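Reader: I should like to learn how the features of a protein model are read. May we go through them one by one, with the structure in view?

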Amino acid sequence: MIDHQRRDLLLGALIVPLAAGLPMARAATDMPMPPHEIPGMDADMVKVPWVRNEEIAMLVYPGMTVMDLIGPHSMFGAMMGAKIHIVSKTLDPVTSDAGLTLIPTATFDTCPKELTVLFAPGGTDGTLAAARDPQTLAFMADRGARASYITSVCSGSLILGAAGLLKGYRATSHWSCRDALAGFGAIPVDARVVHDRNRITGAGVTAGLDFGLEMVAMLRDRTYAECTQLMGEYDPHPPFNAGSMKTAPANVKKAMIELVADFSRKAQALATASKV
């Protein structure tokens, strides 16, 4: 289902309680909400206040994990009026760690300077390279100095940390590199999504869906987020109970810790060498 069709369906779901005169939860922020007139309906009867004009910049870079991006993007994409910028150094195609190619829509130079949300996805070696890249860090630091929300999913928080955006903040990351955040002056937290003032960070990969829904609730309201969740039929029942270090069998944890040991060491070295 393409974005405008999904947004239209969400809009219809949100109109119904208003048309019936039912109370709705107020938005989680004090940002202005210009009313949106619904075509074909009496403007005095129904005006929907969920249409806004957020500017959302989502960083992409070679070797990133695409699901870190796509989960949040699918949630942001349901927000009527929001503009999402897929940002990279250039407009050249960017290939993820699993071989999926993305086309950026903005460069570091053309991305809006005033952002509602600045977002960084994670990965492994590609993320470490991005977290050492002067242009990437300069872009993140510049936009992060003014963005309303500074956010990440998975090891994308390493990029935030390297750009000096997490010092003194509670934050999370993928379990393989979460502790490394302390080297950037952050306070590592073992949680699915961590809020500390305007820093919102998600844990590994699939936590991007939870992160995205929480962001929608903050930027619009809970009802809007719940409509988005229902449209996405996000009601997970995984076939195995191995999705976290708390529940995975011992042999699975051992195998994965060994597999990512080199990345974990490199992430710690990156943070230790940081000058932020």
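**Salt bridges**

Author: The structure holds 14 salt bridges. Please keep in mind throughout that this is a predicted model.

Reader: How far apart are the closest N and O atoms in the salt bridge of Asp190 with Arg178?

Author: A salt bridge requires a side-chain nitrogen of Lys or Arg within 4 Å of a carboxyl oxygen of Asp or Glu. For Asp190 and Arg178 the closest N and O atoms are 3.6 Å apart. Asp190 belongs to the loop between β11 (187–188) and β12 (193–196), and Arg178 to the loop between β10 (170–171) and β11, so this salt bridge ties together parts that are 12 residues apart in sequence.

Reader: Is Arg178 buried or exposed?

Author: Arg178 is buried, with a relative accessible area of 15%, because buried means under 20%. Its partner Asp190, at 48% relative accessibility, counts as partly exposed.

Reader: Which residue forms a salt bridge with Asp210?

Author: The partner is Arg192, and the closest N and O atoms of the two are 3.5 Å apart. This pair links distant parts of the chain: Asp210 is in helix α6 (residues 207–219) and Arg192 in the loop between β11 and β12, 18 residues apart. Asp210 is partly exposed at 22% relative accessible area, and Arg192 is partly exposed at 37%.

Reader: Where do Glu226 and Arg222 lie?

Author: Both are in helix α7 (residues 222–231), 4 residues apart, which is about one turn of the helix. Their side chains meet in a salt bridge with an N to O distance of 2.7 Å. Arg222 counts as exposed at 60% relative accessibility, whereas Glu226 is partly exposed at 37%. Salt bridges may also be joined together: Glu114, Asp142, Arg143 and Arg146 are linked in a network.

**Aromatic pairs**

Reader: How many aromatic pairs does a search of the whole structure find?

Author: The search finds 3 aromatic pairs. A pair of aromatic rings is described by the distance of the centres and the angle of the planes. Phe108 and Phe139 form a stacked pair, with 4.6 Å from centre to centre and 10° between the planes. Phe108 lies in the loop between β7 (106–107) and β8, and Phe139 in helix α4 (residues 134–144), so the pair ties together parts that are 31 residues apart in sequence. Phe108 and Phe139 are both buried.

Reader: What angle lies between the planes of Phe119 and Phe211?

Author: The angle is 35°, with the centres 5.6 Å apart, and the pair is tilted. Phe119 is in strand β8 and Phe211 in helix α6, 92 residues apart, so to speak distant parts of the chain that the pair links. Phe119 counts as buried at 0% relative accessibility, and Phe211 likewise counts as buried at 0%. With Phe76, these two residues form one aromatic cluster.

**Charges over rings**

Reader: Over the ring of which residue does the charged end of Arg197 sit?

Author: The charged end of Arg197 sits over the ring of Tyr169, 4.1 Å from its centre. A further case is Arg220, whose charged end sits over the ring of Tyr224, 5.3 Å from its centre.

**Strands**

Reader: In what sense do β12 and strand β13 pair?

Author: β12 and strand β13 (residues 199–202) pair in the antiparallel sense, over 4 bridges. The bridge partner of His195 in β13 is Ile200. In the hairpin of these two strands, which has 2 residues between them, Arg197 takes a positive phi near 55°.

Reader: Why can strand β9 be called largely enclosed?

Author: Strand β9 (residues 149–153) is largely enclosed by the rest of the structure because 5 of its 5 residues are buried. Both faces are covered: Tyr149, Thr151 and Val153 are buried on one side, and Ile150 and Ser152 on the other. β9 runs parallel to β8, joined by 4 bridges, and Val117 stands opposite Tyr149. β9 also runs parallel to β13, again joined by 4 bridges, with Ile150 opposite Arg199.

**Confidence**

Reader: Where in the protein is confidence lowest, and where is it highest?

Author: Confidence is lowest in strand β1 (residues 36–37), at a mean of 46, and highest in strand β8 (residues 117–120), at 99. Over residues 18–38 the pLDDT is below 50, although this stretch has 43 contacts in the model beyond near neighbours in sequence. Where pLDDT is low, the predicted coordinates should not be read in detail. For the protein, the mean pLDDT is 89, and 82% of its residues reach 70 or more.

How values were computed. Residues are numbered from 1 along each chain as its sequence is written. This is a predicted model: local features need pLDDT of at least 70, side-chain atom pairs count only at pLDDT 80 or more; totals for chains, interfaces and linings use all residues. Side-chain values use heavy atoms; hydrogens and water are left out. Buried means under 20% relative accessible area, exposed over 50%, partly exposed in between (1.4 Å probe, protein chains only). pLDDT is the predictor's confidence in each residue, from 0 to 100. Contact means heavy atoms within 4.5 Å. Two strands pair if DSSP finds at least two bridges between them. Rings of Phe, Tyr and Trp (its six-membered ring) pair if their centres lie within 6.5 Å; planes under 30 degrees apart count as stacked, over 60 as edge-to-face and the rest as tilted. A charge sits over a ring if NZ of Lys or CZ of Arg is within 6 Å of the ring centre and within 35 degrees of the ring normal.
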